[in-house]
Amino acid sequence: MGSLPLTVCSGLLVVAALGPAAQAAHAADGGTLAAAPAAPAPGAEVTLKVSGCTGSQAVAASRAFTADARLTGTQGVLFGSARVGSTVGPGAYEVKVNCADRVVDGRITVAAMDKGASAAPVDATAHFATVATSGSGPDTAQAVTGLALASIAAVAVGLRARRGRRTR
């Protein structure tokens, strides 16, 4: 078997083997959670942005919040805000967003309050920072892109090897 047919067959075999993995990666896409500011101080208001929910409403809950946050929006993107408790200590806190069709897990990190600072509200219109979610693997688009690039590289190597044999 020549190198080109071998390369093509190998590429098809890789796609067939990793196809279920790409589907599993898509199933694991649970949405994303972003918070602003990225490291709020105790007493600060945090703006939340959740993508990947099909409903127009959701509820975000965390031990760091004084109350559950109501999120609203359209087309899979929901917004809302919550206040971090003024007595909450510094550290990472889980945030669980209950959507109509799934639960999006994330974290916020509460910053230590400077001595002498008060737990006053801060402007929460800062830049969004992506927060780590429970599904830390590649999403479907990344998996498919990786497979496509690997296939192109395999074909290029096969063509290069074939061309090298002809010139000798």
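Helices (H or I, at least four residues) and strands (E, at least two) are taken here as DSSP runs, numbered from the N terminus. By that reckoning, the protein chain of this predicted model has 2 helices and 8 strands.

**Figure 1. The whole chain, read from end to end.** Follow the sequence and you get the pattern α-β-β-β-β-β-β-β-β-α. The protein chain runs to 168 residues, and 29% of them count as buried. Helix H2 covers residues 140–166. Since this is a predicted model, the views below show computed geometry.

**Figure 2. The disulfide between cysteine 53 and cysteine 99.** A search of the whole structure turns up 1 disulfide. Cysteine 53 and cysteine 99 make the bond, with their sulfur atoms 1.7 Å apart. That fits the cut-off, because a disulfide here is a pair of cysteine sulfur atoms within 2.5 Å. Where do the two partners, cysteine 53 and cysteine 99, lie? Cysteine 53 sits in the loop between strand E2 (45–51) and strand E3 (57–61), and cysteine 99 in the loop between strand E6 (91–98) and strand E7 (103–110), so the bond ties together parts that are 46 residues apart in sequence. Cysteine 53 and cysteine 99 are both buried.

**Figure 3. Glutamate 45 meets arginine 83 in a salt bridge.** The chain has 3 salt bridges in total, and in this one the N to O distance is 3.1 Å. The pair links distant parts of the chain: glutamate 45 belongs to strand E2 and arginine 83 to strand E5 (residues 77–83), 38 residues apart. Buried or exposed? Neither quite fits glutamate 45, which is partly exposed at a relative accessible area of 26%. Arginine 83 is also partly exposed, at 29%. Side chains of opposite charge can pair when their charged atoms come close.

**Figure 4. Two further salt bridges, lysine 96 with aspartate 105 and aspartate 101 with arginine 102**. In the pair of lysine 96 and aspartate 105, the closest N and O atoms are 2.9 Å apart. Lysine 96 counts as partly exposed, with 36% relative accessibility. Between arginine 102 and aspartate 101, the closest N and O atoms are 3.8 Å apart. This pair still counts because the cut-off for a side-chain nitrogen and a carboxyl oxygen is within 4 Å. Arginine 102 is partly exposed at 30% relative accessible area, and aspartate 101 is partly exposed at 37%.

**Figure 5. A run of arginines forms a positive surface patch**. The members are Arg160, Arg162, Arg163, Arg165 and Arg166. Arginine 162 makes a handy landmark: look for it in helix H2 (residues 140–166). How exposed is arginine 162? Its relative accessible area is 34%, which makes arginine 162 partly exposed.

**Figure 6. Buried residues on strands E3 and E6, with their partners in space**. Alanine 58 is found in strand E3 and counts as buried at 6% relative accessibility. From alanine 58 to alanine 69, 11 residues apart along the chain, the C-alpha atoms are separated by 8.4 Å. Alanine 60 lies in strand E3 and is buried, with 0% relative accessibility. Which distance separates alanine 60 from aspartate 105, 45 residues apart in sequence? C-alpha to C-alpha, alanine 60 and aspartate 105 are 9.4 Å apart in space. Aspartate 105 is also the salt-bridge partner of lysine 96. Over in strand E6, tyrosine 93 is buried with a relative accessible area of 13%, because buried means under 20%. The C-alpha atoms of tyrosine 93 and arginine 107 are separated by 5.4 Å, although these two residues are 14 residues apart along the chain.

**Figure 7. Backbone oddities at proline 37 and glutamine 75**. Most residues other than glycine have a negative phi, and most peptide bonds are trans. Alanine 36 and proline 37 are joined by a cis peptide bond, with omega about 0°. Proline 37 has its place in the loop between strand E1 (32–36) and E2. What is the phi of glutamine 75? Glutamine 75 is not a glycine, yet its phi is positive at about 55°. You will find glutamine 75 in the loop between strand E4 (69–74) and E5. Glutamine 75 is exposed, with a relative accessible area of 81%.

Conventions:
Residues are numbered from 1 along each chain as its sequence is written. This is a predicted model: local features need pLDDT of at least 70, side-chain atom pairs count only at pLDDT 80 or more; totals for chains, interfaces and linings use all residues. Side-chain values use heavy atoms; hydrogens and water are left out. Buried means under 20% relative accessible area, exposed over 50%, partly exposed in between (1.4 Å probe, protein chains only). Patches are made of residues with over 30% relative accessible area and no salt bridge: like charges are joined within 9 Å, nonpolar side chains (Val, Leu, Ile, Met, Phe, Trp, Tyr) within 5 Å. Accessible areas come from the Shrake-Rupley method with a 1.4 Å probe; for residues, only the protein chains shown count as cover. Lys and Arg count as positive and Asp and Glu as negative; His and the chain ends are not counted. The place of a charge is taken as NZ of Lys, CZ of Arg, CG of Asp or CD of Glu.
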